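Got your viewer open and your mouse ready? Let's take a walk through this one, stop by stop.

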Amino acid sequence: MPLTGLPSLMLLFVGVLVGGAMAREPTMLARLANNLLQNYTVKVRPVRNWTSTTNVFLDFSIYAILKVDVKNQMVTTYLWYREYWLDRRLSWDPSQYEYVERLSLPISRMWSPDIVISELVEEDTSLEVPYVYVNSTGFITHLRPLRAVTTCILNIFSFPFDKQNCSLTFAAWTYTASEVTLVLRRTIEQLRKDRFAFVSGGEWELLDIVPYLWLQKKDGKLYSQFRFNMIIKRRPLFYVVNLLVPSLILMIVDLAGFLLPPECGERVSFKVTILLGYFVFLTTVVGILPATAQGTPLIGVYFVVCIALLVISLLETVLVLRVLYGHQENNTAGVWTTLLISLGFSPDNKDKSLTHTQGSENSTSNNDESGASSTLLEKAYQLDKILTFCYLLLISCVVVGFVLAWALP
Ligand SMILES: *[C@@H]1O[C@H](CO)[C@@H](O)[C@H](O)[C@H]1NC(C)=O
Ligand SMILES: *[C@@H]1O[C@H](CO)[C@@H](O)[C@H](O)[C@H]1NC(C)=O
Ligand SMILES: *[C@@H]1O[C@H](CO)[C@@H](O)[C@H](O)[C@H]1NC(C)=O
Ligand SMILES: *[C@@H]1O[C@H](CO)[C@@H](O)[C@H](O)[C@H]1NC(C)=O
């Protein structure tokens, strides 16, 4: 047992030694990386002649619009951001290195352009990607996700049918245009059409991307900048279902209240209940509205107008009841009779003379009084009809006005 065990144990020992030695021998990739970075200095721009410029190629895809914060006027965009540049110091001959064409190297060990977004207001909390790809000509590909929280002037007047126009400006913070120039990797048309990565399930829809490059002059020096405007549109369905439709339904129910006979007091309580219901609705939905310091969205005006319409419809009912019963209490011609006359109900109306002749046939004071009250009832009905018609006109005007105001901008 020990005689057979010892050689095998020794074999194992030798095997471990050889294996360890092989692991310590640098692999071809490690050798290449060491050779590339050995005499490399990260401090300087990768050009042989300092007068030549470094072209940095930019590319991006919008992945998602995470948040639009109206109160703080901030937009959070998630981008797939790509930078490319040429660093001849990191080139090699593939035939000397087993035909390796691409190599990943840590970005901290090499020069990289200091491109920042001018509108950024919060630290970029997206994942840092520590590696870049270098190909054998020294062309560097740096891909990373970018969570950009940027300022944007948000105008919510036409909420929930609003469109926003936000811009993101990329610029090399220290280098002037003669040192680092930004170039687009793809054509503007390709960038505009790029919806490949966009997650379109959220509240915001990406309508257009308008990219452009230009030089900006600051303190007599030119700086290369790249900006794109993104035009985004809110999907209004949620707000239509939760804000506009319930409000419209209450208005329709209120209109249906005009079908109730004006002489029964039920109509007043019906309308008061709807008014109360509307206030309850408003207190529950007010949290959905965007809070902003500058101006009210049109929908706020819409709610106020709806309340005003409900109040007007309630006042109309009260007015008709007042005409009906207020006149009975004191037979002297009051304000309301004057109102009736001014509206075209002259006392010597055809209907009234008709009831008078009917009353004179029976020739009892009791019947005469009931005849007078029935005339009053007819007048009230007529007044109610006219006022309802006016109210319908008013509502149509309001509806047309709001539809136009929301559709026009
Ligand atoms: C780095 O520089 C040293 C001395 O200047 C030189 O001996 C060495 O060959 C260089 N290495 C590479 C990979 O160029
Ligand atoms: C650098 O480039 C400029 C013009 O492009 C040229 O005049 C100058 O001689 C170059 N310098 C060197 C050291 O090659
Ligand atoms: C490295 O990438 C650049 C840009 O894509 C390309 O022009 C060049 O041919 C590539 N080099 C090699 C050796 O593949
Ligand atoms: C978006 O805003 C920029 C200015 O910030 C303006 O030049 C551009 O025309 C606007 N685009 C649209 C579609 O409104």
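What follows is a short tour of charged side chains, with a ligand at the end.

**Before you click**

Keep in mind that this is a predicted model. The theme for most of the tour is the salt bridge, and this structure holds twelve of them.

**Stop 1: Arg234 and its partners**

Select Arg234 and Asp162. Their side chains meet in a salt bridge, with 2.8 Å from N to O. Now look at where the two sit: Arg234 belongs to strand β10 (residues 221-234), while Asp162 is in the loop between β6 (139-151) and β7 (163-172). The pair links distant parts of the chain, 72 residues apart. Both Arg234 and Asp162 are buried.

Keep Arg234 selected and add Glu203. Here is another salt bridge, at 2.6 Å from N to O. Glu203 lies in the loop between α3 and β9 (204-218) and Arg234 in strand β10, so this pair ties together parts that are 31 residues apart in sequence. Are these two buried or exposed? Glu203 is partly exposed, with a relative accessible area of 31%, whereas Arg234 is buried, at 6%.

**Stop 2: along helix α3**

Next, pick Glu189 and Lys193, whose side chains form a salt bridge at 3.9 Å, N to O. Why are they about one helical turn apart? Because they are four residues apart in helix α3 (residues 188-193). Turn on the surface if you like: Glu189 counts as partly exposed at 44% relative accessibility, and Lys193 is exposed, with a relative accessible area of 62%.

**Stop 3: a group of four**

Select Asp59, Arg82, Arg186 and Asp194 together. These four are linked in a network of salt bridges.

**Stop 4: a lysine without a salt bridge**

Jump to helix α5 (residues 266-285) and find Lys271. This lysine is buried yet has no salt bridge. Which side chain of opposite charge is nearest to Lys271? That is Asp254, 4.2 Å away, and a salt bridge needs a distance within 4 Å. Show the surroundings too: leaving aside residues up to four places away in sequence, Lys271 touches Asp254, Gly257, Phe258, Ser313, Leu314 and Thr317.

**Stop 5: ligand 1**

Finally, select ligand 1. The residues around this ligand are Asn35, Gln38 and Asn39. On its own, ligand 1 has 360 Å² of accessible area, and the protein covers 30% of that. Zoom in on Gln38: an N or O atom in its side chain is 3.1 Å from a nitrogen atom of ligand 1.

Notes:
Residues are numbered from 1 along each chain as its sequence is written. Chains are lettered from A and ligands numbered from 1 in the order in which they are written. This is a predicted model: local features need pLDDT of at least 70, side-chain atom pairs count only at pLDDT 80 or more; totals for chains, interfaces and linings use all residues. Side-chain values use heavy atoms; hydrogens and water are left out. A residue is near a molecule or strand if one of its heavy atoms lies within 4 Å of it. A polar contact is a pair of N or O atoms within 3.5 Å; within protein, one must be able to donate a hydrogen and the other to accept it, and residues adjacent in sequence count only if both atoms are side-chain atoms. Accessible areas come from the Shrake-Rupley method with a 1.4 Å probe; for residues, only the protein chains shown count as cover. Buried means under 20% relative accessible area, exposed over 50%, partly exposed in between (1.4 Å probe, protein chains only). Lys and Arg count as positive and Asp and Glu as negative; His and the chain ends are not counted. Contact means heavy atoms within 4.5 Å.
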